[in-house]
Amino acid sequence: FSDDKTVKLWDVATEKITATFRDHTDYVRAGAINPVSSNTILSGGYDQVVKMYDSRTERCVMSLNHGAPVESLIFLPSGGIFVSAGGTDIKFWDAIGGGRLLGKISQHTKTVTTLCVANNGRHLISGSLDQHVKFFNTRNYQMVHNLDYTSPVLSVGVAKDGGTLAVGQVNGTVAVHQRDRKMDESRVEEKREKRRKNRKFKIASEVVEAPVKAGLKNYDVSLRKFEYSRALDQVMSRYVVNRNPEISVGVMLELLKRNG
């Protein structure tokens with residue numbers, strides 16, 4: 001995927017080009033391979049278009065307008081849905097149903113630069129020039145978690161087991177976060193017990209994010225109301241500091257920025 005506006009497929013053994021696609025009219029900055037069908041290739045360019053190719057026929061089989069220069073593309077693990085990022089929008093497309101738009105997320109205030117999936121595709125992670133990394137539920141497109149940084153975000157990667165998150169920033173630093181597994185297991189079991197009592201049956205993958213989501217809501221409301229002292233008190237409680245110290249640090253950094 002190149003600035004020369006082409007997409008090229010290579011044979012690693014022979015080091016030769018096996019296919020070249022020249023359908024873009026501007027820099028090609030994003031690409032993805034279908035995890036289920038390796039013959040299906042996606043490319044996204046600064047011409048605001050997402051192209052789908054079939055390497056067997058060496059033809060473009062689908063063309064979609066994202067509406068902004070495309071910075072990142074990714075398939076969900078099922079291979080039936082792909083996600084494009086460009087401008088402040090993240091869009092979900094039906095790869096099997098002819099490229100039908102399934103949903104859109106517009107939670108960032110500046111260009112979304114990177115995407116990745118976690119928890120077997122149940123969560124989508126996005127990074128942006130607005131200095132935020134956000135986590136979304138891929139079923140309802142709702143944000144479940146947010147991380148704030150001191151520099152624009154260019155890249156995000158997550159370990160296969162979801163336990164480690166790496167974030168690359170414009171200032172040349174890489175931030176690495178590791179999840180407390182014992183704490184996560186405890187939260188899951190606690191939430192499952194509540195569900196049994198209430199006879200509610202929901203997906204267990206959501207329970208890890210629930211306490212974080214609630215905490216974010218409280219301090220976020222206080223920040224929007226300019227109640228800085230209250231916001232600081234909320235994130236400096238023993239519960240938040242012990243379980244989610246990144247929230248406390250993030251709010252303190254935000255307050256420092258707002259106070260110059």
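**View 1. Four strands side by side form an open sheet, in the order β3-β4-β5-β6, with antiparallel pairing.** Start at the borders of this sheet in the predicted model. β3 and β6 (59-65) stand at the edges and have a single partner strand each, so one side of each is left without a neighbour in the sheet. Follow the strands across, and the twist from one to the next averages 20 degrees. Now pick out β4 and β5, which run antiparallel and are joined by 5 bridges. To find your way along β5, look for Met52, which has Leu42 standing opposite.

**View 2. Gln48 sits in the loop between β4 and β5.** What is the phi of Gln48? The angle is positive, about 75 degrees, although Gln48 is not a glycine. Is Gln48 buried, exposed or partly exposed? With a relative accessible area of 30%, Gln48 is partly exposed, because the partly exposed class runs between the limits of 20% and 50%.

**View 3. The structure holds 5 aromatic pairs, and this close-up shows the one formed by Tyr27 and Tyr46.** The ring centres are 6.4 Å apart, with 40 degrees between the planes, which makes the pair tilted. Where in the chain do Tyr27 and Tyr46 come from? Tyr27 belongs to the loop between β2 (16-21) and β3 (28-33), while Tyr46 belongs to the loop between β4 (40-45) and β5 (49-54). The two residues are 19 residues apart, and their pair links distant parts of the chain. Tyr27 is partly exposed at 36% relative accessibility. Tyr46 is partly exposed as well, with a relative accessible area of 26%.

**View 4. Phe92 and Tyr141 form another tilted aromatic pair.** Here the centres lie 4.6 Å from each other, and the planes make an angle of 45 degrees. This pair, too, links distant parts of the chain: the partners are 49 residues apart. You will find Phe92 in strand β9 (residues 89-94) and Tyr141 in the loop between β13 (132-137) and β14 (143-148). Which class of accessibility does Phe92 fall into? Phe92 counts as buried, at 1% relative accessibility, because the buried class covers values under 20%. Tyr141 is partly exposed, with a relative accessible area of 23%.

**View 5. A second view of strands shows an open sheet of 4 strands with the order β7-β8-β9-β10.** The pairing in this sheet is antiparallel. Which strands stand at the edges? They are β7 (72-75) and β10 (100-105), each with a single partner strand, so one side of each is left without a neighbour in the sheet. From one strand to the next, the twist averages 20 degrees. Between β9 and β10, which run antiparallel, there are 5 bridges. You met Phe92 in the previous view; its bridge partner in β10 is Gly103.

**View 6. Three aromatic residues come together in one cluster.** The members to look for are Phe75, Phe82 and Trp93.

**View 7. Asn146, in strand β14, makes polar contacts through its side chain.** Which side chains does Asn146 reach? One partner is His132, with a side-chain to side-chain polar contact of 3.2 Å. Another is Lys134, whose side chain is joined to that of Asn146 by a polar contact of 3.2 Å. Asn146 is buried, with a relative accessible area of 13%.

**View 8. Gln131 is found in the loop between β12 (123-128) and β13.** Its phi is near 75 degrees, a positive value in a residue other than glycine. Is Gln131 buried or exposed? At 19% relative accessibility, Gln131 counts as buried, because the limit for that class is under 20%.

**View 9. Zooming out, the whole protein has 5 helices and 17 strands.** How many residues does the protein have, and what share of them is buried? There are 260 residues, and buried ones make up 43%. The accessible surface comes to about 14300 Å², and 50% of this surface belongs to carbon and sulfur atoms. Among the contacts with a separation of 6 or more, 35% are between residues 24 or more positions apart.

Key. Residues are numbered from 1 along each chain as its sequence is written. This is a predicted model: local features need pLDDT of at least 70, side-chain atom pairs count only at pLDDT 80 or more; totals for chains, interfaces and linings use all residues. Side-chain values use heavy atoms; hydrogens and water are left out. Buried means under 20% relative accessible area, exposed over 50%, partly exposed in between (1.4 Å probe, protein chains only). Contact means heavy atoms within 4.5 Å. Accessible areas come from the Shrake-Rupley method with a 1.4 Å probe; for residues, only the protein chains shown count as cover. Rings of Phe, Tyr and Trp (its six-membered ring) pair if their centres lie within 6.5 Å; planes under 30 degrees apart count as stacked, over 60 as edge-to-face and the rest as tilted. A polar contact is a pair of N or O atoms within 3.5 Å; within protein, one must be able to donate a hydrogen and the other to accept it, and residues adjacent in sequence count only if both atoms are side-chain atoms. Two strands pair if DSSP finds at least two bridges between them. Axes are lines fitted to C-alpha atoms, for helices over the stretch in contact, and angles run from 0 to 180 degrees between N-to-C directions.
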